[in-house]
Amino acid sequence: MDDINLHYRFLNWRRRIRDVRAVRFQERYKRMLKNGDTLSYQGNSDEVGCYVAPRPLSKGNCYFEVTIMDTGVRGTIAVGLVPQFYKLDHQPGWLPQSVAYHADDGKLYDGNPVGQQFGPKCNRGDRIGCGIYCDTIEAGLTTVFFTKNGKEVGSLAFPVAAECLFPAIGMHSLGEEVRLDLQAEWDMEEADSVMMVDSHEDDWGRLYDIRVTGTQLLEYVGKGKSILDVGLAQARQPLSTRCHYFEVEIVDAGEKCYIALGLARRDYPKNRHPGWSQGSVAYHADDGKIFHGSGVGEPFGPRCIEGDIMGCGIMFPRDYISDGEDDIDEWDPLEVLPRQGVGRIQNVLYLNDDDEEEGDELDQEHDGRKVMVFFARNGKLMGRREVVVPPGGFYPTVGMLSSGEKIKVDLHPLSG
């Protein structure tokens, strides 16, 4: 009899173990409809819906992805990592020991309902990935990274052990729908090699609240709350008669498209948009105005939007010699093409003889000498402005000021 009782006790013990394991590895979700690998929001937009995967990330499964099928009313979709028993009426990243990348504003939420600017906003069709670096896992500390469409956006050291971090998705408005892939793979080595080959960070002498990612991409990562939150990128080399023109393509206009393209002195203030302070001139995308050493702009050209290509260059006098440019190569300046398929702008490397000013100005030192700065939009010349070159020359300078702004810069569009 004792043997029989012992046998039943053993069977009950095994059953309880199975029940505990079943509860431990059970997915949890609220205000969401799950149909296969598709999750859709089923709330009334007043309350958060959240999904938590049944298993944490691990060395054998260190990455997952979410494809946005529909952004719904507001696109308030969050992708990240949370504890197993996370409260399902909170977005991932809002509560302690959770972290998430939010699609609607591109911000990172790290255990706090107030996010910090992190990357670009995400829209329908975009893939948001989240993973952990397995080779950097330490006791109680995990490096978490996020991707957009297979390219890394950024990473952070997170003070939580990897075995406590479960994939999570949050939604908060009608119509939002995503496709979840918990078995996704991301080739870190290939991504790293692309970044090493294509990154042009060495081209930039100054970067403030702007991050270089991918192929010549600049992203605004500042707060975007006031005019003091300007993000500034300034090239390492000034424009010269060898390289007199550069271009910017607006990849993402962000919230306000506060993007400025222009030229500035080397010691230009980091918290001032190009054109606002002395020793600078710039064309601003949001209002189409030109700013020349003043916070008050003048109507100049059309506003620029996502997809537009803005160009800036200098018309140098024929006898102009830049710093360190005693030997200028001979080449035919009859015509230049800033970008194939966009159109042509007339060669403005040198002023025509008729345009050159006569008098004492031509006898000045080239620092402080007047030149013509010109701006283009989609290959068409928008206008010119006569300016004085500051000591040391004019450096290609870009400013951004609202979250989500992203641009692609080509500092040498005429060299290909």
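A charge sits over a ring if NZ of Lys or CZ of Arg is within 6 Å of the ring centre and within 35 degrees of the ring normal. In this predicted model, the charged end of Arg 211 sits over the ring of Phe 118, 5.9 Å from its centre. Arg 211 also forms a salt bridge with Glu 219. Arg 211 is partly exposed, with a relative accessible area of 24%, whereas Glu 219 is buried at 5%.

**Aromatic pairs**

The whole structure holds 12 aromatic pairs. One of them joins Tyr 63 and Phe 145, whose rings are stacked, with 5.9 Å between centres and 10 degrees between planes. Tyr 63 belongs to strand E5 (residues 63-71) and Phe 145 to strand E11 (residues 142-148), so this pair ties together parts that are 82 residues apart in sequence. Tyr 63 and Phe 145 are both buried. Through ring pairs, Tyr 63 and Phe 145 are linked with Tyr 133 and Trp 186 into a cluster.

**Salt bridges**

The count of salt bridges is nine. The table gives some of them, with the distance from N to O.

| Acidic residue | Basic residue | Distance |
|---|---|---|
| Asp 126 | Lys 148 | 3.7 Å |
| Glu 219 | Arg 211 | 3.7 Å |
| Asp 267 | Arg 265 | 2.7 Å |

The bridge between Asp 126 and Lys 148 links distant parts of the chain, 22 residues apart: Asp 126 is in the loop between strand E9 (116-117) and strand E10 (127-132), and Lys 148 is in strand E11. Asp 126 is buried, with 12% relative accessibility, and Lys 148 is buried at 14%. In the bridge of Asp 267 with Arg 265, Asp 267 is exposed, with a relative accessible area of 57%, while Arg 265 is partly exposed at 21%.

Definitions and conventions: Residues numbered from 1 in each chain as written. Predicted model: local features only at pLDDT ≥ 70, side-chain atom pairs only at ≥ 80, totals over all residues. Heavy atoms only, no water. Phe/Tyr/Trp six-rings, centres within 6.5 Å; stacked < 30°, edge-to-face > 60°. Helix = DSSP H or I, 4+ residues; strand = E, 2+ residues; numbered from the N terminus. Buried < 20%, exposed > 50% of the residue type's maximum accessible area, 1.4 Å probe, protein only. Salt bridge = Lys/Arg side-chain N within 4 Å of Asp/Glu carboxyl O.
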